[in-house]
Amino acid sequence: MSTTLGQRPGAGSPAPEPRKALGQSRIRVLPSAISGQEFVLLGVIAVLWVILAFATPAFFTAGSIQPLLVAMAPIALVGVGMTIIIITGGIDVSVGAAIMVCSVVTAKLLVDQGLVLPLAVLVSVLVGGALGLINGLLIAYGRVHAIIITFGTANIFLFLGLQIFGSSTVNNIPQTFDVFGRGVAGRTFGIPHAFLITVIIAAIAWWYLRHTAGGRHFYAIGGDAHAARLAGVRVQRRILLAYLITGLLVGLASCFVIAQGTSTLDQSVGTGKELAVIAAVVIGGTSIMGGRGSVLGTLLGALLVQTVTSGVTQLGWNSQLSDLFVGIFIIVAVGADLIRERARRAK
Amino acid sequence: MSAPVIDPATAPAPKSGPAAESLVSRVVRALLTQRIVLLAVLIVVVVTVFFVMDANDYLTAPYDTDYMASSLINAVPLAMLGLAELLVILSGRGGIDLSVGAIVSLAGMIFGFAYGQWDWPLWAAIIATAVFGGLCGALNGFLVAYIGFPALIATLATYYAFKSLAIVINSQRPISTKPIQDLFSITRTVELPVVGSNLPDVPLGIFTFLIPTAIVVWVLLARTSYGRRLYAIGTNDTASKWAGIPVRDTRFKAYVYAGVISGLVAVVTVAQFASARPDAGVSGSGMALPAITIAVLGGVAITGGIGRVAGVILATLLIVWLNAGILLAFVGNEGSQYQLLALGTVLIFAALLNGITNRRYGGSR
């Protein structure tokens, strides 16, 4: 780089600035640990909780907060994987159908074989991983835009799920998954296990994306895949990995979904979850164009969406109104991000 | 290999290399680079397969031209929404509309109110519904073109908002008053005049909604300066701006037109169900996903700037006739499940083929 500059001293002079920066302070490579979007989200959630606390006195009781945390867990968990995918510039609209396949396979095995808990979780995670692998292989090596491939695989996964259902519901699911559920069995010191697991996995993902070379590669691919390849990133393997991780997380999330349901699993399981997950991720400030985003934002986004959903129900409004607010929050959250981005560029 | 073709509708076919090129490689090239040829061949293959299966008694009911004609009623909403997606995806910069199904639900409820409860004349109710759909599309277009939202996010948000409003607006109840129920007659099949006695009866919706929409969209894209501008901004946003094209305005209008078409689909859907259902366009996997699938299958490039009306129409025919055959090949809801498999497989196959074509021949048309 310096030799090129030396050969052409006349061509623009970006040289002095980096030297100055080097001399005075370390160049900041990492963005700050918590971004503006996350502060905004924290503020919005805090305001919502205060409003809800005044409007419905029952909101700030453990009996209300705990189910909220349990309910947000599957969305947030899949959201962690979706964040990685969207950071690479991709998207996965097949997670709803994948949740259906994982949960019906696991539920059937629970009923027929009476699997023990670790084995059941393992099966679900492996099935999810296999589905994620299919997506990843097609997208990384077929070199087709992710949205098209995952629209296609969503249909195929739906077909698989419905075939396994075999035109009837899965009944009398044993209570193996109660450790992830809403009940007393699902909590330790009042903290729901499902939420705890989600936070731990999100923390690992946060560290991985922020502080390891492998994690930074996802951002590099999202920023410019071609440049990343020239810089030595194995782009296709990284992309494959992103979809594989999401598949594994979908498998785990499916266990939470079964745990939250009744003893009957019907064909509507997972429907619309893909859009809910994408909503949580984009509200969390992850750029749909790739290259920018954080897992922390996704957790807050999922919490916001779930707060709105629970809040609307607790206020006694029509529960269908919650979707309207989710839509408005997507516009507001992404709009705020757009405005900040524009200000950043103008500087 | 070649410069990007801004004008796929009227550009001359690429000259096929040296004259010595063998017939086989010319056929392969035509199949791979011209989506319309591929779709036409696939349609012939599908129909032939089902005719043969029918002749050998593998199907639960006869798969004949009458059956094929009557199944065309399913093509009306599918093809119209496919055309809506065509306009939006053409506009480029990640253009996509996830909200078309939700607009169908909401506009359908508006139509239900106007025609079923306020007793407006039919033409006024249809125009009001189309205008309302256009307004919904204008919201999308405003967010995407003027504010700069990524289309996926803006339409995801409006999908949620419209879907929720459609359900809340009449407290989750469908509207199925007398005039709405009588509308079912729109979906009846008719004999074509003059030559009709020799041909199977065709659903009326094809003539009243689908063909006019397809012609208008074709004229818009291939015969107006707006169409030129739309292809231009879809191909290269920045170059179009420097060429003096009103980029924002052009993109905005694409979303408005998609909304208007969705409004018309709402009328068709209400007539088909004989009821204005609040979840008409979003139940199950919704209407947006199949519509996007049809558009992509029809050769519309998701990156914008490439796509034709004929491709969308042929892709619809392929899927509709394939689905109709599958329905006869399996008993009960097995058939509807295999339709999902077929749709997914065909989409992935087409997408992978696009990838191969891009690498071997430098793009398909």
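Which residue's side chain meets that of Asp237(B) in a salt bridge? In this predicted model, the partner is Arg251(B), and the distance from nitrogen to oxygen is 2.5 Å.

## A salt bridge within chain B

The pair formed by Asp237(B) and Arg251(B) links distant parts of the chain, since the two residues stand 14 residues apart. Asp237(B) belongs to helix H11 of chain B, which covers residues 237-242, whereas Arg251(B) belongs to helix H12 of chain B, which covers residues 247-273.

The two partners can also be described by how much of their surface is accessible. Arg251(B) has a relative accessibility of 2%, and because this lies under 20% the residue counts as buried. Asp237(B), with a relative accessible area of 24%, is partly exposed, because its value falls between the limits of 20% and 50%.

## Another pair in chain B

A search of the whole structure finds 4 salt bridges over all chains. One of the salt bridges joins the side chains of Arg277(B) and Asp279(B), with a nitrogen-to-oxygen distance of 3.4 Å. Here Arg277(B) counts as partly exposed, at 27% relative accessibility, and Asp279(B) is partly exposed as well, with a relative accessible area of 28%.

## A salt bridge between the chains

Across the interface of chain A and chain B, the rule finds 1 salt bridge. The side chains that meet in this way are those of Asp323(A) and Lys163(B), at 3.4 Å from nitrogen to oxygen. The pair crosses from helix H14 of chain A, where Asp323(A) is found, to helix H7 of chain B (residues 151-168), where Lys163(B) is found. Both Asp323(A) and Lys163(B) are buried.

The interface also holds polar contacts, for which the rule finds 6 residue pairs, with both residues of each pair at pLDDT 80 or more.

## How the two chains meet

The contact between the chains takes 41 residues from chain A and 40 residues from chain B. The area buried between chain A and chain B is about 3,700 Å², and carbon and sulfur atoms give 77% of that area. On the side of chain A, the residues Ile148(A), Phe151(A) and Phe159(A) supply 16% of the area that this chain buries against chain B, which is more than any other three residues supply.

Several helices of chain A take part in this contact, for helix H6 (117-142), helix H7 (146-165), helix H12 (273-283) and helix H14 (321-346) each supply at least two residues of the side that touches chain B. Among these, H7(A) gives the most, with 12 residues.

## A buried serine in chain A

Ser94(A) lies in the loop of chain A between helix H4 (62-87) and helix H5 (95-113). Its relative accessible area is 1%, and because this is under 20%, Ser94(A) is buried. When residues up to four places away in sequence are not counted, Ser94(A) touches Asn135(A), Thr150(A), Thr153(A), Ala154(A) and Phe157(A).

## A nonpolar patch on chain B

On the surface of chain B, a nonpolar patch of about 420 Å² is made by Phe207(B), Ile211(B), Ile215(B), Trp218(B) and Val219(B). One of these residues, Ile215(B), lies in helix H9 of chain B, which covers residues 204-223. Ile215(B) has a relative accessible area of 48% and is partly exposed; because 48% is over 30%, Ile215(B) passes the accessibility limit for belonging to a patch.

Methods:
Residues are numbered from 1 along each chain as its sequence is written. Chains are lettered from A and ligands numbered from 1 in the order in which they are written. This is a predicted model: local features need pLDDT of at least 70, side-chain atom pairs count only at pLDDT 80 or more; totals for chains, interfaces and linings use all residues. Side-chain values use heavy atoms; hydrogens and water are left out. Patches are made of residues with over 30% relative accessible area and no salt bridge: like charges are joined within 9 Å, nonpolar side chains (Val, Leu, Ile, Met, Phe, Trp, Tyr) within 5 Å. Accessible areas come from the Shrake-Rupley method with a 1.4 Å probe; for residues, only the protein chains shown count as cover. Helices (H or I, at least four residues) and strands (E, at least two) are DSSP runs, numbered from the N terminus. Buried means under 20% relative accessible area, exposed over 50%, partly exposed in between (1.4 Å probe, protein chains only). Contact means heavy atoms within 4.5 Å. Buried area is the accessible area (1.4 Å probe) that two parts lose on being put together, summed over both. A polar contact is a pair of N or O atoms within 3.5 Å; within protein, one must be able to donate a hydrogen and the other to accept it, and residues adjacent in sequence count only if both atoms are side-chain atoms.
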